[in-house]
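These are my notebook entries on a single chain. I record what I looked up and in what order.

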Amino acid sequence: FDRNGSNGPNKLYNNIGWNNGYRDFVFRDQDGSILRNNISVTGNNNLGGSDSEYNSWDLSVKVNSDDFISMDDSVITGPRAADGSIRDSGFLKLKRGSDLIDAGTNVGLPYNGSGPDLGAIESDY
């Protein structure tokens, strides 16, 4: 994720940066962007003056393949369902018992459990 020269602050809530090479989240300068409940699988970010709280790199959690049901991206690069949607899979969905579940903060989006999960897919356990 990169602000790509946008003129104003960005709000990034509940995203997953995965398989992006060197850095997952890049926000240079002091642009006032707000980042909450995001996961950086690589853990390498350049956030400049961003307001960053309740993200995997801000908390005492470790992100690894054991947190996810699957990290096999073939389902999103393969054939789609008849309606054009990506077929349901475990790709980047948090596995039961992950310390990323309920580790986030309320940003006004619906969630299950005692708090929002980190990442893009809210678990139902």
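**Salt bridges first**

I began with the pair glutamate 53 and arginine 36, which form a salt bridge with the closest N and O atoms 3.4 Å apart. Glutamate 53 lies in strand β7 and arginine 36 in strand β4, so this pair ties together parts that are 17 residues apart in sequence. I note here that the model is predicted.

I then looked up the cover of each partner. Glutamate 53 is partly exposed, at a relative accessible area of 39%. Arginine 36 has a relative accessible area of 12% and is therefore buried, the cut-off being under 20%.

Next I checked aspartate 51. Its side chain meets that of arginine 36 in a salt bridge of 3.1 Å, N to O. Aspartate 51 belongs to strand β7 (residues 51-53) and arginine 36 to strand β4 (residues 34-36), so the pair links parts that are 15 residues apart in sequence. Aspartate 51 counts as partly exposed, with 34% relative accessibility.

How many salt bridges does a search of the whole structure find? I find 3. Aspartate 88 and lysine 93 form one of them, with their closest N and O atoms 2.7 Å apart. Through shared partners, salt bridges join Arg36, Asp51 and Glu53 into one network. I also recorded that aspartate 88 is exposed, with a relative accessible area of 69%, and that lysine 93 is partly exposed, with 24%.

**Confidence and overall form**

I looked up the confidence of the prediction. The chain has a mean pLDDT of 89, and 95% of its residues reach 70 or more. Among the elements, strand β5 (residues 39-40) has the highest mean pLDDT, 94, and strand β3 (residues 25-26) the lowest, 80.

The chain holds 1 helix and 7 strands. Along the sequence the pattern reads β-β-β-β-β-β-β-α. The radius of gyration is 15 Å, close to the 14 Å that the globule rule gives for 125 residues, so the chain is as compact as a globular protein of that length. Taken along the principal axes, the C-alpha atoms fill a box of roughly 40 × 35 × 25 Å.

I added three totals. Of the 125 residues, 35% count as buried. The accessible surface comes to about 7,100 Å², and carbon and sulfur atoms account for 44% of it. Among contacts with a separation of 6 or more, 39% are between residues 24 or more positions apart.

**Nonpolar cores**

In soluble globular proteins, nonpolar side chains tend to be buried together. I therefore looked up the cores of this chain, and the largest nonpolar core has 13 residues. Which of its members touch the most other members? They are Ile16, Ile39, Phe68, Leu92, Leu94 and Leu100.

I followed leucine 100 further. Leaving aside neighbours within four places in sequence, leucine 100 is in contact with Ile39, Val61, Val63, Asp67, Leu94, Asp117 and Leu118. Another core, of 5 residues, lies apart from the largest one, and its members include Leu12, Phe27, Leu35 and Leu47.

**Asparagines 14 and 37**

Asparagine 14 sits in the loop between β1 (11-13) and β2 (16-17). Is asparagine 14 buried or exposed? Asparagine 14 is buried, with a relative accessible area of 14%. Not counting residues up to four places away in sequence, asparagine 14 touches Arg36, Asn37, Asn38, Val107, Leu109, Asp117, Gly119 and Ala120.

One of these contacts, asparagine 37, I looked up in its own right. Asparagine 37 lies in the loop between β4 and β5. Asparagine 37 is buried, and its relative accessible area is 0%. Its phi is near 65°, a positive value in a residue other than glycine.

**Remaining entries**

Aspartate 102 has a phi near 65° too, again a positive value in a residue other than glycine. Aspartate 102 is found in the segment after α1 and counts as partly exposed, at 27% relative accessibility.

I closed with the helix. Serine 74 is found in helix α1 (residues 74-77), and at 40% relative accessibility serine 74 is partly exposed. Serine 74 and serine 114 are 40 residues apart in sequence, and their C-alpha atoms are 32 Å apart in space.

How values were computed: Residues numbered from 1 in each chain as written. Heavy atoms only, no water. Helix = DSSP H or I, 4+ residues; strand = E, 2+ residues; numbered from the N terminus. Buried < 20%, exposed > 50% of the residue type's maximum accessible area, 1.4 Å probe, protein only. Contact = heavy atoms within 4.5 Å. pLDDT = per-residue confidence, 0-100. Salt bridge = Lys/Arg side-chain N within 4 Å of Asp/Glu carboxyl O. Rg over C-alpha atoms; globule rule 2.2 N^0.38 Å. Areas by Shrake-Rupley, 256 points an atom, 1.4 Å probe, with all protein chains shown as cover. Core = buried A, V, L, I, M, F, W, Y, C linked by side-chain atoms within 4.5 Å.
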